[in-house]
Every structure is written in C-alpha cells, then in structure tokens.
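Me: Please take a close look at one part of this protein for me: its nonpolar core and the aromatic rings. I am a first-year student, so short sentences would help.

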Amino acid sequence: MKKVEIKLKRSAIAPLLDFIKPLANDLKAGRGVDPVLPDDLDSELRASWRRDLVESSGKDADTLMGLFDSRFFEDGAIEIHAENAESVLRASAAIRLRLRSAFLTKFSDADLESGMLDHGRMTREEQRAYGCFLFMATIQEVVVEHLDAIEGRDS
C-alpha cells in the first residue's frame with residue numbers, strides 16, 4: 001500500500017491537538033452540522049440526510065484524530081494512505097470551517113489563507129485557532145499534493 005509519512009514536531013503539535021479535539025468531538029456529536037437542504041424536502045428525508053451527514057462527519061473526525069495515536073507520540077509520524085486520505089481531507093476542511101466561524105470571524109478569508117496575520121494583534125485564543133487553521137491547511141495541502149501517489153495513480 002502506498003502511503004505518505006509526515007514527521008511532525010510533537011511539542012509543537014500537541015497543543016494544537018488539544019485545541020482541535022473539542023472541535024472534532026463537536027463534529028462527532030453533530031454540533032455545527034446543519035446542511036442547507038431544499039425547503040420542499042420531506043422531513044423524514046431531511047432527518048435521514050442530517051443523520052447520515054453527522055455519522056460520516058464523525059467517522060471522518062475519528063480518522064483524522066486517529067492519525068495522532070501512540071506512534072505519533074513516540075516518533076512524531078503520521079501516515080496518510082488510500083484508506084484514510086479522503087476522510088482526512090474532509091475532516092480537516094470541516095475543522096477549518098469551525099475554526100473560521102467560531103474563532104476567526106474578524107479576519108478575511110484572504111488574510112487567513114495568506115498565512116501572514118499579525119499575531120501581535122490577535123488574542124491568545126485567536127492565535128491558537130489560527131495555528132490550528134494553518135496546521136489543518138498544511139495537512140490538506142500535503143494530502144492533495146500526494147493524492148495520486150497515495151491512491152496508486154502515478155505509476
């Protein structure tokens with residue numbers, strides 16, 4: 001199986017994980033999962049759609065957080081492979097959206113994506129959220145950059 005191994009500095013990432021974990025738990029619990037569905041959609045179908053979305057978001061969050069297991073805390077490595085790549089992408093995106101809407105509302109999308117915000121003008125919570133936002137973005141970039149190789153399409 002093809003995979004990408006990412007080595008991370010545990011001492012830098014552990015505090016980010018502490019900040020991200022409640023957001024991942026929110027996804028698992030369905031908090032903040034509110035799909036915009038057509039008004040004329042049957043209420044039973046609406047409930048089913050939401051239930052399925054919450055379930056898949058929860059699985060994605062578990063997959064993402066599962067990267068940071070005992071191996072990560074031993075040698076700082078996480079592995080992305082064909083079985084977890086798409087879940088990692090979805091969960092990272094969902095967490096970035098939560099960070100954006102809960103902690104980073106005063107910043108423009110362009111400023112957030114630039115990576116050049118002035119930390120001196122941010123609260124401690126905004127600094128932590130922004131660090132998490134950039135970390136999740138970096139994970140997404142690595143996965144997207146290597147997705148063909150991970151899925152065996154670059155032979």
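Reply: What follows starts with the whole chain, moves into the core and its rings, and ends with a few single residues.

First, a caution. This is a predicted model. Every value here is computed from it.

Start with the layout. The protein chain has 6 helices and 2 strands. Read from the N terminus, the order is β-α-α-α-β-α-α-α. The C-alpha atoms fill a box of roughly 50 × 45 × 30 Å along the principal axes. The chain has 155 residues, and 39% of them count as buried. Now look at contacts between residues with a separation of 6 or more. Of these, 70% join residues 24 or more positions apart. The accessible surface is about 9,200 Å², and carbon and sulfur atoms make up 51% of that surface. Charges are present too. There are 22 positive and 29 negative side chains, and the centres of the two sets are 5 Å apart.

Now the core. In soluble globular proteins, nonpolar side chains tend to be buried together. Here the largest nonpolar core holds 42 residues. Which of them touch the most other members? They are Phe68, Ile95, Leu99, Leu104 and Phe135. Several elements give two or more residues to this core: strand E1 (3–7), helix H1 (10–29), helix H2 (43–66), strand E2 (77–81), helix H4 (85–103) and helix H6 (124–150). H6 gives the most, with 10 residues.

Zoom in on Phe68. Phe68 is buried, and so is Phe135. Set aside the neighbours within four places in sequence. Phe68 is then in contact with Leu8, Ile13, Leu17, Phe73, Ile78 and Phe135. Two names on that list, Phe73 and Phe135, come back when we look at rings.

On to the rings. A pair of aromatic rings is described by the distance of the centres and the angle of the planes. How many aromatic pairs does the count give? The count comes to 5 aromatic pairs. Take Phe19 and Phe103. Their ring centres are 5.0 Å apart and their planes are at 55°, so this pair is tilted. Phe19 sits in helix H1 and Phe103 in helix H4, 84 residues apart, so the pair links distant parts of the chain. Phe19 is buried, with a relative accessible area of 12%.

Next come Phe68 and Phe135. They form a tilted aromatic pair, with 6.0 Å from centre to centre and 55° between the planes. Phe68 lies in the loop between H2 and helix H3 (70–75), and Phe135 lies in helix H6. The pair therefore ties together parts that are 67 residues apart in sequence. These two rings also belong to a group. Phe68, Phe72, Phe73 and Phe135 form one aromatic cluster.

Now some single residues, beginning in helix H4. Arg98 is found there. Is Arg98 buried or exposed? Arg98 has 18% relative accessibility, and the cut-off for buried is under 20%, so Arg98 counts as buried. Beyond four places in sequence, Arg98 touches Leu23, Asp26, Arg31, Gly32 and Phe103. Phe103 is the ring that pairs with Phe19.

Helix H2 offers two residues to set side by side. Val54 lies in helix H2, and Trp49 is found in helix H2 as well. Val54 is buried, with a relative accessible area of 14%. Trp49 is partly exposed, at 45%. Again leave out residues up to four places away. Val54 touches Leu27, Lys28, Ala29, Gly30 and Val33. Trp49 is in contact with Leu37 and Leu41. Distances through space add to the picture. The C-alpha atoms of Val54 and Arg31 are separated by 8.6 Å, with their places 23 residues apart along the chain. For Trp49 and Glu5, 44 residues apart along the chain, the separation is 35 Å.

Last, Leu117. Where does Leu117 lie? Leu117 is in the loop between helix H5 (109–114) and H6. Leu117 counts as buried, at 12% relative accessibility. Outside its neighbours within four places, Leu117 is in contact with Phe107, Asp111, Leu112, Met122 and Tyr130. The C-alpha atoms of Leu117 and Pro35, 82 residues apart along the chain, are separated by 30 Å.

To trace this on the model, begin at Phe68 and Phe135, which are both buried. Then find Phe72 and Phe73, the other members of their aromatic cluster.

How values were computed
Residues are numbered from 1 along each chain as its sequence is written. This is a predicted model: local features need pLDDT of at least 70, side-chain atom pairs count only at pLDDT 80 or more; totals for chains, interfaces and linings use all residues. Side-chain values use heavy atoms; hydrogens and water are left out. Helices (H or I, at least four residues) and strands (E, at least two) are DSSP runs, numbered from the N terminus. Buried means under 20% relative accessible area, exposed over 50%, partly exposed in between (1.4 Å probe, protein chains only). Contact means heavy atoms within 4.5 Å. Accessible areas come from the Shrake-Rupley method with a 1.4 Å probe; for residues, only the protein chains shown count as cover. Lys and Arg count as positive and Asp and Glu as negative; His and the chain ends are not counted. The place of a charge is taken as NZ of Lys, CZ of Arg, CG of Asp or CD of Glu. A nonpolar core is a set of buried Ala, Val, Leu, Ile, Met, Phe, Trp, Tyr and Cys residues joined through side-chain atoms within 4.5 Å. Rings of Phe, Tyr and Trp (its six-membered ring) pair if their centres lie within 6.5 Å; planes under 30 degrees apart count as stacked, over 60 as edge-to-face and the rest as tilted.
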